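The following paragraphs lead through the fold, the strand pairing and the surface of the chain shown here. Please keep the sequence and the structure in view while reading.

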Amino acid sequence: MAATCCASKYYPARMFGGSDRRRTPPGKEQSADDKARDAEFQRMMNKVALITLWIDPKAHQILKYTFDNVGFDFLPLPWLIHVSDFKATMAVGQPFPDIWLPTSLSMNIAMAAAVGQFDLRYDLEYHDYRVPGVTSKIGVK
């Protein structure tokens with residue numbers, strides 16, 4: 001990260017939105033109960049999300065962001081599975097002048113089920129970016 005980078009944390013108010021249309025067949029309107037359940041779920045997800053941004057103010061560029069969920073106690077069936085932590089991070093870099101592209105993506109999920117504790121981790125590194133070379137020729141016959 002650049003020396004000019006600064007971190008900023010915020011709790012988003014409307015990050016999760018929309019409706020879960022998978023429960024409603026196409027062409028059929030959602031019931032009032034489904035709409036209320038969706039609205040409550042969105043409110044709870046927005047309530048527990050914490051976003052941290054690392055920003056380079058000179059470049060007006062987000063260099064890294066971290067998405068943390070700080071509590072999942074509202075999820076249904078906590079006796080069956082309990083999600084204790086979820087964190088996703090994406091970092092960007094500048095492989096070419098004035099071009100910002102992802103350099104890494106990381107997700108960590110910790111949960112407990114009746115059979116024990118599970119820690120899932122997913123990491124993805126982006127590298128070897130290349131500038132595409134394209135040539136074309138236009139002619140008149």
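Among the contacts in this predicted model between residues at least 6 apart in sequence, 43% join residues at least 24 apart. The chain contains 1 helix and 6 strands, and along the sequence these elements follow the pattern β-α-β-β-β-β-β. Of its 141 residues, 26% count as buried. The chain exposes about 10600 Å², and carbon and sulfur atoms supply 59% of that area.

The strand pairing can be followed from strand S2, which spans residues 49-56 and pairs with S3 in the antiparallel sense over 8 bridges. Within this pairing, leucine 53 has tyrosine 65 of S3 as its bridge partner. The hairpin of S2 and S3 has 4 residues between the strands, and histidine 60 takes a positive phi near 55° there.

Strand S3 is in turn joined to S4 by 6 bridges, and these two strands also run antiparallel. Tyrosine 65 appears again here, with methionine 90 as its bridge partner in S4. Tyrosine 65 is thus bridged to leucine 53 as well as to methionine 90.

Between strand S3 (61-69) and strand S4 (81-96) lies a loop that holds leucine 80. Leucine 80 belongs to a nonpolar surface patch of about 430 Å², which is made together with Leu77, Trp79 and Ile81. Why can leucine 80 count toward such a patch? Membership requires over 30% relative accessible area, and leucine 80 meets this requirement because its relative accessible area is 40%, a value that makes it partly exposed.

Further along the chain, strand S5 (residues 99-113) and strand S6 (residues 116-125) run antiparallel and are joined by 10 bridges. A hairpin connects S5 to S6 through 2 residues. Alanine 113 stands opposite glycine 116 in S6.

How many salt bridges does a search of the whole structure find? The search finds 1. Arginine 121 forms a salt bridge with aspartate 123, and the closest N and O atoms are 2.6 Å apart. As for the accessibility of the two partners, arginine 121 counts as exposed because its relative accessibility is 59%, whereas aspartate 123, with a relative accessible area of 41%, is partly exposed.

Terms used:
Residues are numbered from 1 along each chain as its sequence is written. This is a predicted model: local features need pLDDT of at least 70, side-chain atom pairs count only at pLDDT 80 or more; totals for chains, interfaces and linings use all residues. Side-chain values use heavy atoms; hydrogens and water are left out. Patches are made of residues with over 30% relative accessible area and no salt bridge: like charges are joined within 9 Å, nonpolar side chains (Val, Leu, Ile, Met, Phe, Trp, Tyr) within 5 Å. Accessible areas come from the Shrake-Rupley method with a 1.4 Å probe; for residues, only the protein chains shown count as cover. A salt bridge is a side-chain nitrogen of Lys or Arg within 4 Å of a carboxyl oxygen of Asp or Glu. Buried means under 20% relative accessible area, exposed over 50%, partly exposed in between (1.4 Å probe, protein chains only). Two strands pair if DSSP finds at least two bridges between them. Contact means heavy atoms within 4.5 Å.
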